[in-house]
Amino acid sequence: QVQLVESGGGLVQAGGSLRLSCAASGRTFSSSAMGWFRQAPGKEREFVAAIRWSSTSTYYTAYTDTVKGRFTISRDNAKNTVDLQMTSLKPEDTAVYYCAARSDSAYYTDPRKFEYWGQGTQVTVSS
């Protein structure tokens, strides 16, 4: 049984930093696409960042425009984890953050394309 478990959320002041971590179990995702999404109250779940194995034998990362230069996604295959380092946080970053994974390395920003999901972790940024 595949499980994704997020941790690291919390309350932080604007301009602060948080590091989210997602631990996967039940299978190895080293060559799979993994991503972070977020959902604010009353809004749809939106893409934040993704990381996947590329044909050039490196990891390819992608970010939504609103977090570029502030957030960094990374993975540790030995630990089967994927992290999201968030800096210069803004009140508009407040949301529940979800870790997601696919069974292959195809790149998508549509949450409906991801098969596995964590339960989410709350990030609240105060002004």
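**View 1. Gln-3 meets its partner in β3.** Welcome to this predicted model; we start with Gln-3, whose bridge partner in β3 is Ser-25. The two strands shown here, β1 and β3, run antiparallel and are joined by five bridges. Strands of a sheet pair through backbone hydrogen bonds, either parallel or antiparallel.

**View 2. β3 and β8 side by side.** Here β3 pairs with β8, again in the antiparallel sense, and six bridges link the two. To find your way, look for Cys-22, which stands opposite Val-82 of β8.

**View 3. The open sheet of four strands.** Stepping back a little, we can follow the strand order β1-β3-β8-β7, with antiparallel pairing. At the edges are β1 (3-7) and β7, each of which pairs on one side only. From one strand to the next, the twist averages 15°.

**View 4. Two faces of β3.** Which residues of β3 are buried, and which are not? Leu-18, Leu-20, Cys-22 and Ala-24 point to one face and are buried. Arg-19, Ser-21, Ala-23 and Ser-25 point to the other face and are not buried. In a regular strand the side chains alternate between the two faces of the sheet.

**View 5. The largest nonpolar core.** This core has 27 residues, and those with the most contacts inside it are Trp-36, Leu-84, Met-86 and Tyr-97. At least two of its residues come from each of β3 (18-25), β4 (34-39), β5 (46-53), β7 (71-76), β8 (81-86), β9 (95-101) and β11 (121-126). A second core, separate from this one, has six residues, including Phe-37, Ala-62, Ala-100 and Phe-114. In soluble globular proteins, nonpolar side chains tend to be buried together.

**View 6. The largest pocket and its lining.** Our last stop is the largest pocket, which holds about 190 Å³ of space. It is lined by 14 residues, and the closest to its centre are Arg-38, Lys-43, Glu-46, Glu-92 and Asp-93. How many residues of each class are in the lining of the largest pocket? There are eight charged residues, three polar ones and three nonpolar ones. Rolling a probe the size of a water molecule over the atoms shows where empty space is left.

Methods
Residues are numbered from 1 along each chain as its sequence is written. This is a predicted model: local features need pLDDT of at least 70, side-chain atom pairs count only at pLDDT 80 or more; totals for chains, interfaces and linings use all residues. Side-chain values use heavy atoms; hydrogens and water are left out. On a 1 Å grid over the protein atoms alone, a cavity is a set of points where a 1.4 Å probe fits but cannot get out, and a pocket is an open set with protein on both sides within 12 Å along at least five of seven lines; lining residues have an atom within 4 Å of a point. Grid points are joined across faces, edges and corners, and a volume is the space filled by probe spheres set on the points. Ala, Val, Leu, Ile, Met, Phe, Trp, Tyr, Cys and Pro count as nonpolar, Asp, Glu, Lys and Arg as charged, and the others, Gly among them, as polar. A nonpolar core is a set of buried Ala, Val, Leu, Ile, Met, Phe, Trp, Tyr and Cys residues joined through side-chain atoms within 4.5 Å. Buried means under 20% relative accessible area, exposed over 50%, partly exposed in between (1.4 Å probe, protein chains only). Two strands pair if DSSP finds at least two bridges between them. Axes are lines fitted to C-alpha atoms, for helices over the stretch in contact, and angles run from 0 to 180 degrees between N-to-C directions.
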